[in-house]
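Dear colleague,

I am passing on the structure we spoke about, and below it I set out what I found when going through it. Please keep it open beside this message as you read.

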Amino acid sequence: MTLTTKPYLIRGIYDWCVDSNLTPYVIAKIIDGVKVPKSHINSNEIVLNLSLESTEKLIFDNNFISFSTRFNGNNQDIFLPIESIAGIYGKENGEGLFFGVDQNIEERKSINKKTKEKEKKIKNPHLSIVK
């Protein structure tokens, strides 16, 4: 199993922001599995503050980021699959890392499966005996 570098880079930029007294912000595309308040989605993405003052129970996993925060005085649990993360940066200077996000992950898996099936069909030689 090959690990992607994305979660490690996200944690690195987060740590750099905290060490530099910058406010870490994350941009997430709205794809399957994202759990955020719908009222704060703008142009099919959401920008969230990940500072220690704004979050509780912040978890960076190789597959997701999750935390609890308050929106308009209401507690909300946030869940962001790593695939949804489009960028992480410091609010004060805009420096960070930005990633391409594949919004059609299931479609890509389906295309890969079909491609592999076609490759199998092509690879099978067809020989016949000539008399």
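Accessible areas here come from the Shrake-Rupley method with a 1.4 Å probe. On that basis the accessible surface of the chain comes to about 9200 Å², and 50% of this surface belongs to carbon and sulfur atoms. Please bear in mind that this is a predicted model, and that every value in this message is computed from it.

To begin with the overall picture, 31% of the 131 residues of the chain count as buried. The chain contains 2 helices and 7 strands, and these follow one another along the sequence in the pattern α-β-β-β-β-β-β-β-α. If one takes the contacts between residues at least 6 apart in sequence, 52% of them join residues that are at least 24 apart.

The helix I looked at in detail is α1, which runs over residues 6-19 and so has 14 residues. From its first C-alpha to its last, α1 reaches 20 Å, which is close to the 20 Å expected at 1.5 Å a residue. Its buried residues are Lys6, Pro7, Ile10, Ile13, Tyr14 and Cys17. Because these residues cover an arc of only 130° around the axis, they lie on the same side of α1. As for what they pack against, the partners of the buried residues of α1 are the strands β1 (24-29), β3 (56-60), β4 (64-71), β6 (85-90) and β7 (96-98). After α1 comes Asn21, which has a positive phi, near 55°.

Among the strands that meet this helix, I would draw your attention to β6, which is mostly covered, with 6 of its 6 residues buried. Which strands does β6 pair with in the antiparallel sense? One is β1, with which β6 pairs over 5 bridges, and within this pairing Tyr25 has Tyr89 of β6 as its bridge partner. Another is β7, where the antiparallel pairing with β6 extends over 3 bridges, and here Ile88 stands opposite Leu97 of β7. The hairpin formed by β6 and β7 has 5 residues between the strands, and in this hairpin Gly94 takes a positive phi near 75°.

Taken together, β6 is a useful place to start when you open the model: β1 and β7 both pair with β6 in the antiparallel sense, and β6 is also among the strands against which the buried residues of α1 pack.

With best regards

Key
Residues numbered from 1 in each chain as written. Predicted model: local features only at pLDDT ≥ 70, side-chain atom pairs only at ≥ 80, totals over all residues. Heavy atoms only, no water. Helix = DSSP H or I, 4+ residues; strand = E, 2+ residues; numbered from the N terminus. Buried < 20%, exposed > 50% of the residue type's maximum accessible area, 1.4 Å probe, protein only. Contact = heavy atoms within 4.5 Å. Expected span 1.5 Å × (residues − 1). Arc of directions from axis to C-beta. Pairing = 2+ DSSP bridges.
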